[in-house]
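Colleague: I'm new to this one. Could you put it up on the screen and take me through it?

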Amino acid sequence: CLTGPCSTLNDLNLGSCGSQSMWMSTSSPPSSTIGVDWIQWDWTSTKTFNEMIIHHGQTTGRFLNGFTIQTWDGSSWVTETSVSNLTPACTSSVTFNPISAQRWRITALQTAANGQRSNPNFREIEIIEAILGA
């Protein structure tokens with residue numbers, strides 16, 4: 001995390017829409033180049049995920065409306081999927097085909113065209129483990 005304590009992305013304190021727990025310092029708009037701006041998660045073992053829930057800090061600027069999901073294959077980052085054009089809302093749920101990894105990140109961040117375009121902010125980002133075999 002570039003600004004704000006990283007632990008706030010994992011504390012399940014959702015706060016209230018219009019407030020922020022942390023933000024990332026980026027250019028305006030954030031760089032579309034993979035690996036320039038990113039948030040990374042590491043687990044002690046491989047996990048399988050199929051959903052992210054983003055609790056945005058605000059909807060009138062600094063709103064994260066797209067990104068690329070990458071996983072680490074042991075020697076390099078692999079692009080799994082990309083998300084774009086999220087509708088400005090207090091919470092966005094993004095589903096995708098199950099992705100298994102021990103390390104994962106979002107990068108190539110996109111912000112909405114309204115309001116401030118740099119420094120996307122959040123109240124929480126949840127990564128939801130897939131229920132396999134259901």
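**Sheet, core and pocket**

Modeller: Let's begin with one pair: Ile69 has a bridge partner in E5, and that partner is Ile106. Strands (E) here are DSSP runs of at least two residues, just as helices (H or I) are runs of at least four, numbered from the N terminus. Before you ask more, this is a predicted model, where local features need pLDDT of at least 70 and side-chain atom pairs count only at pLDDT 80 or more, while totals for chains, interfaces and linings use all residues. Residues are numbered from 1 along each chain as its sequence is written, and side-chain values use heavy atoms, with hydrogens and water left out.

Colleague: In what order do the six strands form the open sheet?

Modeller: Two strands pair if DSSP finds at least two bridges between them. The pairing in this open sheet is antiparallel. Strand E1 (22–23) and strand E4 (77–83) are the edges, each pairing on one side only. Reading across, the order is E1-E6-E2-E5-E3-E4.

Colleague: Which residue in E4 stands opposite Phe67?

Modeller: E3 and E4 run antiparallel, joined by six bridges. They form a hairpin with four residues between them, and Gly74 in the turn has a positive phi of about 105°. Opposite Phe67 in E4 stands Val83.

Colleague: Which strand supplies the largest share of the largest nonpolar core?

Modeller: A nonpolar core is a set of buried Ala, Val, Leu, Ile, Met, Phe, Trp, Tyr and Cys residues joined through side-chain atoms within 4.5 Å. The largest has 24 residues, and Met52, Phe67, Trp104, Ile106 and Phe122 have the most contacts inside it. Strand E2 (38–56), strand E3 (64–72), strand E5 (91–111) and strand E6 (121–129) each give at least two residues. The largest share, six residues, comes from E5.

Colleague: Is Leu109 buried or exposed?

Modeller: Leu109 lies in strand E5. Its contacts (heavy atoms within 4.5 Å), leaving aside neighbours within four places in sequence, include Met24, Pro30, Leu64 and Phe67. Buried means under 20% relative accessible area, exposed over 50%, and partly exposed in between, using a 1.4 Å probe and protein chains only. Leu109 has 2% relative accessibility, so Leu109 counts as buried.

Colleague: How far apart are the C-alpha atoms of Leu109 and Asn65?

Modeller: Asn65 is found in strand E3, and Asn65 is buried because its relative accessible area is 11%. Along the chain, Leu109 and Asn65 are 44 residues apart. Their C-alpha atoms are separated by 7.9 Å.

Colleague: And what about Asn50: what is its relative accessible area?

Modeller: Asn50 lies in strand E2. Asn50 and Ala130 are 80 residues apart in sequence, yet 5.3 Å apart in space, C-alpha to C-alpha. Asn50 counts as partly exposed because its relative accessible area is 26%.

Colleague: Which element gives the most to the lining of the largest pocket?

Modeller: On a 1 Å grid over the protein atoms alone, a pocket is an open set of points with protein on both sides within 12 Å along at least five of seven lines, and lining residues have an atom within 4 Å of a point. The lining includes Leu9, Trp41, Phe49 and Ile127. E2 and E6 are the elements that give two or more residues. With five residues, the top contributor is E6.

How values were computed
On a 1 Å grid over the protein atoms alone, a cavity is a set of points where a 1.4 Å probe fits but cannot get out, and a pocket is an open set with protein on both sides within 12 Å along at least five of seven lines; lining residues have an atom within 4 Å of a point.
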